[in-house]
Amino acid sequence: MKRYISSFVLTLIVIGSIGTYYGTQAASLANLPGYEFKTIEGNEKELKPVILRGFANKDSISEPIIFEGNQLTYEREKSLVEQFSGEDEVEKRLKKYKSFIRGKHDLDSFYEDEDFLAYASLTNKYRNNKNVTTFEISLLEKETKKESSFELDVSEQGEKEYLRILDVQMIDSKLQVVVNNQVESQDSNEEIHVYTLDLANKKVINDKVILSELTSNAMDNVVQIHYPTASNTIGESHVFLYSLVKGTYSESDEFVPKETTLYKYDFETGKEETITLPKKDLIPDEEIFYTSNNIYFYEVSDQQIHLITFSLSNQTIIDEFSFDLLYDDFLFSIKNERMYLLGFNEHESQFDTYKPLQLLIADLKTGKTLYKGESMITSSKQQSKMNHGLSIHDLQVYEIN
């Protein structure tokens, strides 16, 4: 009998604790400001795939927030389960495949087309006194909803090694996996491999090394490898881009690039090509986006951002558009044949005067503004613009279905 009484009392305590938690949360949230984007130009529907993460600041207190479209949510508004489980781009975009994507979070490891959803990961296993690299492959056939998974040994590897999957594509029913391979020593040997996996026979049929470079740590002889961002992260792409940057470190420990070479690998033909850029100051680093056809560079000058569209096939600039910048600090993304630009004041030390975020969405082909808006305080109890502010650190855009 005591056992049942104890269980009953424990249940009451848990229920009371949850009630107290949500009661306290609701009371404290009532004092927090609300925000939304006010449309200045264009269609508010363009905001739908935009996700912003950051903090709302009030009286020197920062609260984590997330904008989904034009809907702001404080992290404290979420249930305990939601706070601990989180939600990343994979789960947001592919939520109808939850059973398949559970436990899979690396965007670069996914591939999706109309028929298949695939995921590749790498693990190092110690077997028979040797380190063996193993692919773990998961495959979903969308029409039949059939899921399958298997492992493939890649090769025997050295003891000090770093492996990272950079891209996954499917060509002629064969999975191609791009892997960055670093072997640590006094000077790092960095390689890029393209592995071809025969899914039907479950074996690795090709291991092509498209780059092998000794990246010295010497101050006067520095080699870096940069990976521009693929606009279509999960979906089909015919090309993979990377750049080799050689330079030196200045006395202030700042890297000074001297020579940059951009390379393109074509998954369909298996051919590599050097891309000749029309301007020396167009450096293809991680902040540059590309599709199968184009690279998108930007330059900033005179309170404007200049978007440059460079054709991979013709190796020429095919479009240039300019847009006004409200602030010097911004986040930038290319998706859905659109440019997404969020301007903000990162260096504002005190939030004594609210300064709005500026969000601009433009068509890549025409340069036309599809949406322009500014954040504004909406809470009726917080009309004052004093001691409030928003700081955003992450801009994500989901593919429009």
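**Close-up views of a predicted model**

**View 1. Strands S24 and S25 are joined by five bridges and run antiparallel.** S24 covers residues 358-363. In this predicted model, Ile361 has Tyr371 of S25 as its bridge partner. The two strands make a hairpin, with five residues between them. One residue of the turn, Gly367, has a positive phi of about 80 degrees.

**View 2. S25 also pairs with strand S1.** Here S1 (residues 35-42) and S25 (residues 369-377) are linked by seven bridges in the antiparallel sense. Phe37 has Ser375 in S25 as its bridge partner. Phe37 also belongs to a nonpolar core of 25 residues, taken up again in View 5. Strands of a sheet pair through hydrogen bonds of the backbone, in either a parallel or an antiparallel way.

**View 3. Four strands form an open sheet in the order S4-S3-S2-S26.** The pairing in this sheet is antiparallel. Its edges are S4 (71-74) and S26 (388-397), each of which pairs on one side only. On average, neighbouring strands of the sheet are turned by 25 degrees against each other, direction ignored. Between S3 (residues 61-68) and S4 there are four bridges. Across this antiparallel pair, Ile66 stands opposite Thr73 of S4. In a regular strand, side chains alternate between the two faces of the sheet.

**View 4. The largest nonpolar core holds 27 residues.** Val178, Ile192, Tyr227, Phe240, Tyr242, Ile295 and Phe297 touch the most other members. The elements that give two or more residues to this core are strands S9 (161-171), S11 (188-198), S12 (203-215), S13 (222-226), S15 (239-249), S16 (255-266), S19 (294-301) and S20 (304-311). S15 gives the most, with five residues. Apart from neighbours within four places in sequence, Val178 is in contact with several residues, including Ile165, Leu166, Ile192, Val194, Phe240 and Phe267. Arg164, Asp167 and His193 are also among the contacts of Val178.

**View 5. A second core of 25 residues is separate from the largest one.** Among its members are Phe37, Ala56, Phe67 and Tyr74. Phe37 is the residue whose bridge partner in S25 is Ser375.

**View 6. The whole protein has four helices and 26 strands.** Of its 401 residues, 45% count as buried. The accessible surface comes to about 21800 Å², and carbon and sulfur atoms hold 47% of this area. Among contacts with a separation of 6 or more, 50% join residues 24 or more positions apart.

Conventions:
Residues numbered from 1 in each chain as written. Predicted model: local features only at pLDDT ≥ 70, side-chain atom pairs only at ≥ 80, totals over all residues. Heavy atoms only, no water. Buried < 20%, exposed > 50% of the residue type's maximum accessible area, 1.4 Å probe, protein only. Contact = heavy atoms within 4.5 Å. Areas by Shrake-Rupley, 256 points an atom, 1.4 Å probe, with all protein chains shown as cover. Pairing = 2+ DSSP bridges. Core = buried A, V, L, I, M, F, W, Y, C linked by side-chain atoms within 4.5 Å. Axes fitted to C-alpha atoms, helices over the stretch in contact; angles between N-to-C directions.
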